[in-house]
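Visitor: I should be grateful for a close look at one part of this protein model. Please describe the salt bridges and then their surroundings.

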Amino acid sequence: MKSKILVFLQFFIIFLMILPLGMPTKFFYEGLGVMAVGGLIGLLAIKEHGSGNFNIRPDIKEGCSLVTTGIYAYVRHPMYLSVLLMMFGFVLLYPLYYEIVLYLFLIIVIVSKMLYEERLWSCHDEKYLKYKRRVKRLIPFLF
């Protein structure tokens, strides 16, 4: 149930952020560039993950396997990084107070999902503990 609530909150916040409530600013190309980088990271993660292993909820799917190659060799959660980058692109496109507040809420939800998923993986696969020590969460070599 927790995972469904977190997914609902994530998509609800994203929906609110993409409502056309503002005019694009001088950061138009920067916003599109950040969104493109986020989209590329997401595509690399999907490619590496495989369709049968992918899950939108942070729950561990039955029969899934830990992916540690490709982009997953640099960040443990490239899909979350992808979402955060694409939505930061929206903040650059529409730098309004409510966009910034919604983005901060999105960060809280994504980090909550990430921590919940990591707890599940730590119990599910002991290889995850070694992977966790070797690879950073979202930003290669930093966090």
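**A network of salt bridges**

Guide: In this predicted model, three residues, Arg 76, Glu 118 and Arg 137, are joined in a network of salt bridges. The number of salt bridges found comes to 2. Glu 118 takes part in a salt bridge with Arg 76, and the side chain of Glu 118 also meets that of Arg 137 in a salt bridge.

Consider the pair of Glu 118 and Arg 76. Their closest N and O atoms are 2.7 Å apart. This pair connects distant parts of the chain, for Glu 118 belongs to helix α4 (residues 97-124), whereas Arg 76 lies in the loop between α2 (28-49) and α3 (78-93). The two residues are 42 residues apart. Is each partner buried or exposed? Glu 118 has a relative accessible area of 2%, and buried means under 20%, so Glu 118 is buried. Arg 76, at 8% relative accessibility, counts as buried because this value is also under 20%.

The pair of Glu 118 and Arg 137 has an N to O distance of 2.9 Å. Here too distant parts of the chain are linked: Glu 118 is in helix α4, while Arg 137 is in the segment after α5 (127-134), 19 residues apart. Arg 137 has a relative accessible area of 22% and is therefore partly exposed, since that class lies between the limits of 20% and 50%.

Helix α4, which holds Glu 118, also packs against another helix. Two packed helices are described by the angle between their axes and by the distance between those axes. The axes of α3 and α4 come within 10 Å and cross at roughly 180 degrees. Angles over 145 degrees count as roughly antiparallel, and therefore α3 is roughly antiparallel to α4. On the α3 side, the residues making the contact include Tyr 80, Leu 84, Met 87 and Phe 88. On the α4 side, they include Ile 100, Tyr 103, Leu 106, Ile 110 and Glu 117.

One further feature concerns the surface. Met 1, Ile 5, Phe 8, Leu 9, Phe 12 and Phe 15 form a nonpolar patch there, together having about 650 Å² of accessible area. Among them, Phe 8 is placed in helix α1 (residues 2-18). Phe 8 has 55% relative accessibility and so counts as exposed, the limit for that class being over 50%.

Technical notes:
Residues are numbered from 1 along each chain as its sequence is written. This is a predicted model: local features need pLDDT of at least 70, side-chain atom pairs count only at pLDDT 80 or more; totals for chains, interfaces and linings use all residues. Side-chain values use heavy atoms; hydrogens and water are left out. Patches are made of residues with over 30% relative accessible area and no salt bridge: like charges are joined within 9 Å, nonpolar side chains (Val, Leu, Ile, Met, Phe, Trp, Tyr) within 5 Å. Accessible areas come from the Shrake-Rupley method with a 1.4 Å probe; for residues, only the protein chains shown count as cover. A salt bridge is a side-chain nitrogen of Lys or Arg within 4 Å of a carboxyl oxygen of Asp or Glu. Helices (H or I, at least four residues) and strands (E, at least two) are DSSP runs, numbered from the N terminus. Buried means under 20% relative accessible area, exposed over 50%, partly exposed in between (1.4 Å probe, protein chains only). Axes are lines fitted to C-alpha atoms, for helices over the stretch in contact, and angles run from 0 to 180 degrees between N-to-C directions. Angles under 35 degrees count as roughly parallel, over 145 as roughly antiparallel, 65 to 115 as roughly perpendicular and the rest as oblique. Contact means heavy atoms within 4.5 Å.
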